[in-house]
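Hi everyone, thanks for coming. I'd like to walk you through a structure that is new to most of us, so please have a look at it with me.

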Amino acid sequence: MSRGVLFVRPARPTEERAVWRGGSLSVAERHRHEVIVIGAGLAGLAAACKLQAEGVDAQVLEAQERVGGRVHSMRQLGSNQEAGGTYIGAGYTRIIGVAERFGVELIDVTPMLAFFREQELVLGNEIIRQADWPDHPANLFNGDDRALMPWTYYRMLTVKENPLAQPADWLAPDSARHDVSVYDWLKGLGFDDAVIKLAYGINVSFGKDASDVSALLLFFRAAFSVAQRRLSPEGVAGYTAKNGVARIPEAMAAALDPPAQLQKVVVAITSEADDTTVHCADGSVYHAPQVVCSLPFGVLRHIKIEPPLRGLQAEAVNTLPAQAMTQVYLAHKSNFWEADGFSPSLFTDGVAGMLAAARNGTDPKEVTSFTAWTLGANATRLDALPPAAAGRLVIDEIEAIRPAAKGQLEFLGLQSWGTDPFAQGGWAYFKPGQIARFAAAMGARHGQIRFCGEHLGRASRGMEGAMESGERVAAEILAL
Ligand SMILES: Cc1cc2nc3c(=O)[nH]c(=O)nc-3n(C[C@H](O)[C@H](O)[C@H](O)COP(=O)(O)OP(=O)(O)OC[C@H]3O[C@@H](n4cnc5c(N)ncnc54)[C@H](O)[C@@H]3O)c2cc1C
């Protein structure tokens, strides 16, 4: 990167009154850097680490008191509970590389995943054992497919019927014809509405139902999973981080100089010809010729950008949805599952969502607590309640499903991503047609502002996609 390009203006006084069109800030500090990075999630931190490694004066501004964003280890719950990014694919080369570089120990989760797969299916109030599912009257799948549980069925189809040769192809103009609803895609495969609801209607990861999400997004996800499996060492399903995945962003942030500024809620980004000003809610103002913005679009749409985003990029920022997602953390007073003989974990079609027995001790056989991972419309239902009432509702539902759990569960806490003002949802998803419509425009540079974040991962998803996008924009700046 040429410093001449970045430092085109003389430094300004560190303190002066800050004003931007449409509003004014009180007496404010001004700070000048070569690059301002907004957000200290994995994308922002990946960008900042890469820039600083090349000697660039990159300043991270983070709204919260902690770094990590949607990587959030709930240490206050007293065990290794994760509220966000948890599973590190064995082919996540960026995350694994950064963990190695900063001395964060990774744990092979393969032994735990075996228990995770033991969950029973719950339809209405009926618990259906996996062994009973192939012959169960509620099973609407055909032939050999009857052996598949609903949560694996659409995943199997997106692998088997996947038109993408490699993950990054989802953004290719040729792929636009697959940017139809999951409903239309499954209809095209000959499934009726009842099968579609069973295959893509229970606690789904993207959208509210099969009509709300693009099949092309599911193909991207499946292609990424397949690519991950190819990269995995024999017998290793994936990893998590010892003492919490938040150790990774924390270690990245600890290496930053200048350090990330916390509790800096960015409210506006204003650009002139060769200078961009980032305005924070506390009145502080940061200047740089280049800005990296890693905010989820649901957050970004509430931030004033001057000159404003235009056309399809503005439409993408304003309309790209994010998944409603709420986790309810529960402690158990006894091993109630030994009384009813069902697996401790359930995959339900109600507010308990995917009730997963956490195994965060040294012995994967030991259940340490429970988390209800609730997605979509049921998460929105929980989000409308005060946390304790949401916890009560989830416990009531579990008790109605399995009487052995009566009085045995205690509400510990709740994490709602949909109501988190700094996330506005668990992860972005694309409605039918949105990928083709937004592919070229959504991540485009806007003057001196470059965008990154998991929603802008091109060949990778989740935590790895966030890192990929952050490294990409850093490389663009370094190439200036
Ligand atoms: C429940 C859950 C489970 C997940 N599980 C997995 C998994 O197992 N594996 C996987 O790979 N991925 C998983 N993910 C996805 C993964 O966690 C995310 O893709 C990734 O962490 C996103 O990183 P990011 O930097 O793009 O965004 P974020 O982490 O959201 O970072 C954005 C940052 O910007 C900050 N910010 C917001 N507003 C402002 C503002 N106005 N001013 C300044 N800063 C602001 C936020 O506080 C945040 O720190 C999961 C996500 C969730 C929610």
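Let's start with the lining of the second largest pocket, where α7 (193-199) and α13 (377-383) each supply at least two residues. Keep in mind as we go that this is a predicted model. Which element gives the largest share of that lining? It is α7, with 3 residues.

The pocket itself, the second largest one, has a volume of about 240 Å³. Its lining is made up of 15 residues, and the closest to the centre are Lys 197, Gly 201, Ile 202, Asn 203 and Asp 349. If you sort the lining by character, you get 7 nonpolar residues, 5 polar ones and 3 charged ones.

Where does this pocket sit with respect to the domains? Domain 2 (110-133 + 324-416) and domain 3 (140-231) both contribute residues to the lining, so the pocket lies between them.

Now let me stay with one of those central residues, Asn 203. You'll find Asn 203 in the loop between α7 and α8 (215-231). Its backbone deserves a glance too: phi of Asn 203 is near 45 degrees, which is a positive value in a residue other than glycine. As general background, most residues other than glycine have a negative phi, and most peptide bonds are trans.

That brings me to the peptide bonds. Asp 257 and Pro 258 are joined by a cis peptide bond, with omega about 10 degrees. Pro 258 belongs to the loop between α9 and β10 (266-271). There is also a cis peptide bond between Glu 306 and Pro 307, and here omega is about -5 degrees. To find Pro 307, look in the loop between β14 (304-306) and α11 (311-319).

Since α9 has come up, let's finish with its packing. In general, two packed helices are described by the angle between their axes and the distance between the axes. Helix α9 (residues 247-254) packs with helix α2 (residues 42-53) at an angle of about 30 degrees, and their axes are 10 Å apart. Angles under 35 degrees count as roughly parallel, and α2 and α9 are therefore roughly parallel to each other. And what is the handedness of the crossing of α2 and α9, left-handed or right-handed? That crossing is left-handed.

Thanks for listening, and I'm happy to go back to any part of it.

Conventions
Residues are numbered from 1 along each chain as its sequence is written. This is a predicted model: local features need pLDDT of at least 70, side-chain atom pairs count only at pLDDT 80 or more; totals for chains, interfaces and linings use all residues. Side-chain values use heavy atoms; hydrogens and water are left out. On a 1 Å grid over the protein atoms alone, a cavity is a set of points where a 1.4 Å probe fits but cannot get out, and a pocket is an open set with protein on both sides within 12 Å along at least five of seven lines; lining residues have an atom within 4 Å of a point. Grid points are joined across faces, edges and corners, and a volume is the space filled by probe spheres set on the points. Helices (H or I, at least four residues) and strands (E, at least two) are DSSP runs, numbered from the N terminus. Ala, Val, Leu, Ile, Met, Phe, Trp, Tyr, Cys and Pro count as nonpolar, Asp, Glu, Lys and Arg as charged, and the others, Gly among them, as polar. Domain bounds come from an automatic or database domain assignment. Axes are lines fitted to C-alpha atoms, for helices over the stretch in contact, and angles run from 0 to 180 degrees between N-to-C directions. Angles under 35 degrees count as roughly parallel, over 145 as roughly antiparallel, 65 to 115 as roughly perpendicular and the rest as oblique. A crossing is left-handed if the near helix is turned anticlockwise from the far one by less than a right angle, and right-handed if clockwise.
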